[in-house]
Amino acid sequence: MDSGAIIGMITLKGVLALAIGIVNIVIFIYMERKVIADMQVRFGPMRVGPHGTLQPIADVIKLLAKEDIVPAAADRLLFILAPFIAFVPAFMLYLTIPISENLVVADLPLGIFYLFGILTVVPVSVLIAGWSSHSKYALLGGLRGAAQQISYEIPLLASILGVIMLTGSFSLVDIVKAQQVPLIKLGAFTILPRWFIFLQPFGFLFYFTAALADTQRTPFDMPEAESELVQGYNTEYSSIKFALFFLGEYSNALIISALSVIIFFGGWSGFGPIPGVVWFFLKTYVFVYFIIWLRSTLPRIRIDQLMDMGWKILLPLTLVNIIVTGFLMIGR
Amino acid sequence: MSTHVTNLISIIIFMLIGSGFVLVMYGLVRLIAPTATSHEKLEPYECGETVVGQPWVHINIRYYIFAMLFLIFDIETVFLFPWAIVFKKLALFGLIEMVVFIFILLVGLAYPWKKGVLRWDVTI
């Protein structure tokens, strides 16, 4: 193929990835409202469409039709730029997420490095949004958000190192393929697949905790603690700018769920005649449900407890996990 | 084109598509949303009260220290990644090297811990 055709193909796949991403975010938002409502013995959205299924779309239209306010004292350029920096990296993560063996836009050889490199941009957007709003609540939320995210960045990176040591590759497709061989066999039947959750249970525990904190989901949603900071770093944002922050955040939470499936739960691999894509989305939505469940169950923790946990518990433990993994691998 | 170049191009294209989507959304809002600005609307939100003082004030030095710690540890984790990928080839030698490295890292963590920098309940 000539270069023009290749660029055309990638653009097409990119637009498709954007569409798939947004559809999934919409499902996530609807699911979150419904599941939390169910756990609080309410109905949740019921009016728009059958069982309120069109509610997220109505919300988007409502947000689009709202006045776009830039506070007079705000730093105008940065204020407008912040939603860009929140949404574009969140979308760029879709590039290398393998939905199934061949359904991936580009299987980057440095996949994991790329993903976490891009995720590191998120605190920048939070900080810029908080600072440029010229509002006390926004600034406090922005600072807290950035501090929280950089504190959990390192445990997040260190927790998956065990998996990389076992696989010897950064590519997400390679990581899933390494999990498709059986761990325990009984004759021709696989009792346990070699999913990394069985080999790296503590790695997964650390990964998921750090990931929740990194994407600011409850119980770690300090930057937007509604009861004390109004809406956190995006207090001053209205209309589509607010919606973009919202989309970016949910997109990151979705990616975190998808990544736990890919890295620890065998990605698209499953059993029976069901295609891999179905398995992948099924597993991902189990994690999405789990995240929502946590949100409606756990209270928010304090900022000092949060920072303590990141630096004094998670960071040393993840490093110890790497060493123990190394010794176990040598010992075998 | 080699796969390497294709991958780079696909990253750039994704960036452009993302930015394009945001721009289209901004344009849509320009078209649809009403504009009826007033002085009160452009004030920063402060629960309906008149704004008191400046938001851009002195902030706790602790944030700065955490940012610096993050920088140090992030660079050290970057060193861990290439090691992890060739770990199987390096075997025991590589592991002992890394144990020493991680030990130094942990000493680096223990020092600010002991100094009380990681505590939030006291003012420095």
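Select H134(A) to begin, and you will find this residue in the loop between α5 and α6 of chain A. Bear in mind throughout that the coordinates belong to a predicted model. The phi angle of H134(A) is near 60°, a positive value in a residue that is not glycine. That is worth a pause, since most residues other than glycine have a negative phi. H134(A) is also buried, with a relative accessible area of 10%.

Now select S135(A), which sits in the loop between α5 (122-132) and α6 (136-159) of chain A. With a relative accessible area of 2%, S135(A) falls under the 20% cut-off and is therefore buried. To see what surrounds it, display E236(A), P44(B), Y45(B) and P55(B), which S135(A) touches when residues up to four places away in sequence are not counted.

For another residue with a positive phi, go to V41(A), where the angle is near 55°. V41(A) is placed in the loop between α1 (3-39) and α2 (55-64) of chain A. Is V41(A) buried or exposed? Its relative accessibility is 76%, so V41(A) counts as exposed, whereas H134(A) is buried.

From that loop, move on to α2(A) and colour Q55(A), P56(A), L63(A) and L64(A), which are buried in this helix. The buried residues of α2(A) pack against α1 and α12 (239-264) of chain A, and they also pack against α1 (3-32) of chain B.

The next stop is K312(A), in helix α14 (residues 303-331) of chain A. A lysine may be expected to draw the eye here, and K312(A) counts as buried because its relative accessibility is 18%. Show W113(B), L118(B) and R119(B) together with K312(A), since these are the residues that K312(A) touches once those up to four places away in sequence are left out.Having reached chain B from two sides, hide chain A for a moment and look at chain B by itself. Chain B has three helices and zero strands, and along the sequence these follow the pattern α-α-α. Its C-alpha atoms fill a box of roughly 70 × 55 × 15 Å along the principal axes. The radius of gyration of chain B is 25 Å, whereas a compact globule of 124 residues would have one near 14 Å. Of the 124 residues in this chain, 34% count as buried. Among the contacts in chain B with a separation of 6 or more, 57% are between residues 24 or more positions apart.

Switch to a surface view of chain B, which exposes about 8,200 Å², with carbon and sulfur atoms supplying 71% of that area. If you colour by charge, chain B shows 8 positive and 8 negative side chains, and the centres of the two sets lie 12 Å apart.

Bring chain A back and turn to the aromatic rings, of which a search of the whole structure finds 28 pairs over all chains. Select F204(A) and F287(A), whose ring centres are 5.9 Å apart and whose planes stand at 70°, so this pair is edge-to-face. The pair links distant parts of the chain, with F204(A) in helix α10 (residues 201-214) and F287(A) in helix α13 (residues 276-297) of chain A, 83 residues apart. Both F204(A) and F287(A) are buried.

Add F208(A) and F290(A) to the selection: their ring centres are 5.6 Å apart and their planes are at 40°, so the pair is tilted. F208(A) lies in helix α10 and F290(A) in helix α13 of chain A, so this pair ties together parts that are 82 residues apart in sequence. The two rings belong to residues with their own burial classes: F208(A) counts as buried at 6% relative accessibility, while F290(A) counts as partly exposed at 30%.

Widen the selection to W195(A), F204(A), Y207(A), F208(A), F264(A), F265(A), F287(A), Y289(A), F290(A) and W293(A), which ring pairs link into a cluster.

End the tour on one member of that cluster, W195(A), in the loop between β2 (189-193) and α9 (196-199) of chain A. W195(A) is buried, with a relative accessible area of 18%. Leaving aside neighbours within four places in sequence, W195(A) is in contact with Q179(A), F264(A), F265(A), G266(A), S269(A) and K283(A). As a last distance to display, the C-alpha atoms of W195(A) and Y114(A), which are 81 residues apart along the chain, are separated by 23 Å.

Terms used. Residues are numbered from 1 along each chain as its sequence is written. Chains are lettered from A and ligands numbered from 1 in the order in which they are written. This is a predicted model: local features need pLDDT of at least 70, side-chain atom pairs count only at pLDDT 80 or more; totals for chains, interfaces and linings use all residues. Side-chain values use heavy atoms; hydrogens and water are left out. Helices (H or I, at least four residues) and strands (E, at least two) are DSSP runs, numbered from the N terminus. Buried means under 20% relative accessible area, exposed over 50%, partly exposed in between (1.4 Å probe, protein chains only). Contact means heavy atoms within 4.5 Å. The radius of gyration is taken over C-alpha atoms; the globule rule is 2.2 Å times the number of residues to the power 0.38. Accessible areas come from the Shrake-Rupley method with a 1.4 Å probe; for residues, only the protein chains shown count as cover. Lys and Arg count as positive and Asp and Glu as negative; His and the chain ends are not counted. The place of a charge is taken as NZ of Lys, CZ of Arg, CG of Asp or CD of Glu. Rings of Phe, Tyr and Trp (its six-membered ring) pair if their centres lie within 6.5 Å; planes under 30 degrees apart count as stacked, over 60 as edge-to-face and the rest as tilted.
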